[in-house]
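Let us go through the aromatic contacts of this predicted model. Each question below gets a short, reasoned reply.

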Amino acid sequence: MAKAAESSGEPGTTSPRPLMRDLKAVGKKFMHVLYPRKSNTLLRDWDLWGPLILCVTLALMLQRSSVDSEKDGGPQFAEVFVIVWFGAVTITLNSKLLGGNISFFQSLCVLGYCILPLTVAMLVCRLVLLAEQGPINFMVRLFVVIVMFTWSIVASTAFLADSQPPNRKALAIYPVFLFYFVISWMILTFTPQ
Amino acid sequence: MKQALVDDTEDVSLDFGNEEELAFRKAKIRHPLATFFHLFFRVSAIVTYVCCDWFSRSFVGCFVTVLLLLSFDFWSVKNVTGRLLVGLRWWNHIDEDGKGRWIFEARKASPQHSVATEAEARIFWLGLVICPLIWTVFFFSTLFSLKLEWLALVIAGISLQAANLYGYILCKMGGERDIGKITASFLSQMVFQTASPRDFQKPGLKGLEIHKH
């Protein structure tokens, strides 16, 4: 998980405060995911800290509170982790095999950052689940998850589609669709007990 | 008489800035904080992983704690301690046309910048090499004891630590492509504590475009 390129092109100088620089870079990328437009920021200055934070947050929120402390959500936590990272790696390999000219880490960066809307959906779902269960509850959650799922897809295609040759765009995009679909499914079918 | 006095005062320089600098140069460890943190995060991660059963029975808590420690360690070794302790750094640079490449640099020894001290360099490299080996041992022990839910964590640990190790080895190699020579000189430094003439050079970027994305 390398850091973004050094600030300012002068070789031999380093940023005097690398921590602030990196935190700002992560924040800026979150903003770019929330308001996707044609920009190169996610691609040029890639980093994998955002995806790590989002993955851990999502995995923590997908914990079931179980009575039995022996298996206290262990498998589910590691499952989410494996699904997210393994899925992202698979999509990246797929797009590279299709001839895309995006680098391995750049693709991981984009896919990871675009999980942000779904993490927000998870948060909302957890709050909604505090109210009484029922069909209305489910409809609300379904609506939120669908909206956020669409947002994730739009955000990631805005960044990834350009790197594919024109006749292969659909082939490269459908695994992204599947990836976010699986995550949305995990979010939607989550029940606290 | 007056001449002698003048000569006397000329010999003694009452320049306190220089004294500090001299003390700095003579110190065996010039960046105690960086040295401490270089080892602290790695060792804490390993200790937490090994002893997590004693602290709490929560898989998730232990997983997240070890992962956090490994992340802090990765960031601090890559961005801070490598630069301060041994004068090496590496990063990924992306050109205007979107091509990415890795850049590895080693700092030239100059009068302004101090060359790495023996103690610091030794601590740096030992910490860098031994911890990934320990995580590899954990990988096999987890695999064979079939505690597969920990495998994700161990693999994350190995990747993060090996990435730093690989990056710094490539920095150190600099213009040298002969691994045997590098290993021999490295081992001899460790064992015999001789300061080999260090050629701190900026590796030619052409020669080191090892990873072309």
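Q: Are W90(B) and W102(B) buried or exposed?
A: Buried means under 20% relative accessible area. W102(B) has 9% relative accessibility, so it falls under that limit. In this predicted model, W90(B) and W102(B) are both buried.

Q: What kind of pair do the rings of W90(B) and W102(B) form?
A: Their centres lie 5.9 Å apart, with the planes at 40 degrees. Planes under 30 degrees apart count as stacked and over 60 as edge-to-face. The angle fits neither class, so the pair is tilted.

Q: How many residues apart are W90(B) and W102(B)?
A: W90(B) is in strand 1 (residues 88-94) of chain B, and W102(B) is in strand 2 of chain B. The pair links distant parts of the chain. The separation is 12 residues.

Q: Which residue has its charged end over the ring of W90(B)?
A: The charge sits 4.8 Å from the ring centre. A limit of 6 Å applies to that distance. The residue is K78(B).

Q: What kind of pair do F105(A) and W102(B) form?
A: This pair crosses between chains, from helix 5 (residues 104-113) of chain A to strand 2 (residues 100-106) of chain B. The ring centres are 6.1 Å apart and the planes stand at 85 degrees. An angle over 60 degrees counts as edge-to-face, so the pair is edge-to-face.

Q: Is F105(A) buried or partly exposed?
A: The cut-off for buried is under 20% relative accessible area. F105(A) has 21% relative accessibility, so it counts as partly exposed.

Key. Residues are numbered from 1 along each chain as its sequence is written. Chains are lettered from A and ligands numbered from 1 in the order in which they are written. This is a predicted model: local features need pLDDT of at least 70, side-chain atom pairs count only at pLDDT 80 or more; totals for chains, interfaces and linings use all residues. Side-chain values use heavy atoms; hydrogens and water are left out. Rings of Phe, Tyr and Trp (its six-membered ring) pair if their centres lie within 6.5 Å; planes under 30 degrees apart count as stacked, over 60 as edge-to-face and the rest as tilted. Helices (H or I, at least four residues) and strands (E, at least two) are DSSP runs, numbered from the N terminus. Buried means under 20% relative accessible area, exposed over 50%, partly exposed in between (1.4 Å probe, protein chains only). A charge sits over a ring if NZ of Lys or CZ of Arg is within 6 Å of the ring centre and within 35 degrees of the ring normal.
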